[in-house]
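Open the model in your viewer and keep the sequence panel beside it. This tour tells you what to select at each stop and what is there.

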Amino acid sequence: MILSMTGFGKAEEKLGTSVYSVEIRSVNNRFLELFFKYPKYLSSKDFELKEVVKKKITRGKLNINLTINAETENDPHLKFNDESVKNYFQFLKNLKKTLGLKEKIKLEHILHFTDIMGLEEEYTLQEDEFKFILDLLNKALDDILTMKKKEGDYIKNDFFKRLEFIENEAEEIKNLSKQNIDEEKEKILKKVISILNDNTLVSEKRIEMEIVMLADKLDITEECIRLESHIKYFREYCDSQELAGRRLNFLLQEMNREINTMGSKSLDASISQKISVMKEELEKIREQLQNVE
């Protein structure tokens, strides 16, 4: 299964007089890193919140923001600092007098001082409220997983398109290589015989056998077969239910190894060009794979 590491998920619901909201943003990362932002009274539940996330997401850097907005002034989460309001009002009056301003002091002026209201830090978390928060977190996780899956399907289609191209090129290289082996054998034989003007010193049969062995080393059939096998497994892991990012990385390295060996064995310019194009496609797959969970 291909899941992208980037995504966004959100869930928002009301409980009592408060609206709870969970937003999750994920970007690619080698391991799983979680950064929670929530009201202070949830600090003691940090471990449990992280465990819920770890059950559904295994890799990526996640920023999870849990906010609570009170809809009424009687909401138990809300604190209102009367003393601060009076002090700020007096401060504004003094400022108005000092500057000689005639404008009236309005409520919006006082609301600019953010510490006059906010969430009550000494609020005691209730059990049913925490259960509600966990459910909401799960819904936000399901939402981000839906997006990660859609992105993953797009990446998978891109993988398959590039793998098909590599397969076709490998097949052409295999055919070219078979044709070239006989030609290379003939070329080497002629060259050796021309050097050994006196072939009575060395057995012609022995020379021919050595040349056959040398030509066999140029054969890339085995590398082509292994490459086909790696591509087959790559596709299967993409379609499996298992999170395949790490396995696909390994298979990609093996594919790269086979293609490099094919390139080092080849003496033909047209094959070398095809090898170069295949490596470019492989590199594009590798870049996409960095974003797969």
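## First stop: a pair in helix α8

Select K284. At 37% relative accessibility, this lysine counts as partly exposed. Keep in mind that you are looking at a predicted model.

Now add E281 to the selection. K284 and E281 form a salt bridge, with the closest N and O atoms 3.7 Å apart. Both belong to helix α8, residues 269-289. They are 3 residues apart there, so about one helical turn separates them. Is E281 buried or exposed? It counts as buried, because its relative accessibility is 12% and the cut-off for buried is under 20%.

## Second stop: a pair in helix α7

Select residues 245-265 to show helix α7. Then pick out R257 and E254. Their side chains form a salt bridge, and the closest N and O atoms lie 2.8 Å apart. What separates the two along the helix? About one helical turn does, because they are 3 residues apart in α7.

Compare how the two partners sit. R257 is partly exposed, with a relative accessible area of 49%. E254 is buried, at 15%.

Stay in α7 and select T261, which also lies in this helix. T261 counts as partly exposed, with 26% relative accessibility. Add E223 and draw a distance between the C-alpha atoms. They are separated by 7.3 Å, although these positions lie 38 residues apart along the chain.

## Third stop: a charged network

E223 leads on to a wider group. Select E222, E223, R226, E258 and K265 together. A network of salt bridges links these five residues. As a general point, side chains of opposite charge can pair when their charged atoms come close. How many salt bridges does the whole structure hold? A search finds 28.

## Fourth stop: a bridge between helices

Select K174 and E228. Their side chains meet in a salt bridge, at 3.4 Å from N to O. K174 lies in helix α4 and E228 in helix α6, residues 221-239, so this pair ties together parts that are 54 residues apart in sequence. K174 is buried, with a relative accessible area of 13%. E228 counts as partly exposed, at 34% relative accessibility.

## Fifth stop: along helix α4

Now show helix α4 as a whole, residues 127-195. Select K156, which lies within it. Is K156 buried or exposed? K156 counts as buried, because its relative accessibility is 17% and buried means under 20%.

Which residues does K156 touch, leaving aside those up to four places away in sequence? Add I2, C238 and D239 to see them.

## Last stop: the cavity

Turn on cavity display if your viewer has it. The structure holds 1 cavity of 30 Å³ or more. The space in the largest cavity is about 100 Å³.

To see the lining, select S177, N180, I181, E184, L218, I220, K265, S266, L267, D268 and I271. K265 is also part of the salt-bridge network from the third stop. Which element gives the largest share of this lining? Helix α4 does, with 4 residues.

Finally, colour the lining by residue type. It divides into 5 nonpolar, 3 polar and 3 charged residues.

Note on methods: Residues numbered from 1 in each chain as written. Predicted model: local features only at pLDDT ≥ 70, side-chain atom pairs only at ≥ 80, totals over all residues. Heavy atoms only, no water. Buried < 20%, exposed > 50% of the residue type's maximum accessible area, 1.4 Å probe, protein only. Contact = heavy atoms within 4.5 Å. 1 Å grid on protein atoms, 1.4 Å probe; cavity = no way out; pocket = protein on both sides within 12 Å on 5 of 7 lines; lining within 4 Å. Points joined across faces, edges and corners; volume = space filled by probe spheres on them. Nonpolar A, V, L, I, M, F, W, Y, C, P; charged D, E, K, R; others polar. Salt bridge = Lys/Arg side-chain N within 4 Å of Asp/Glu carboxyl O.
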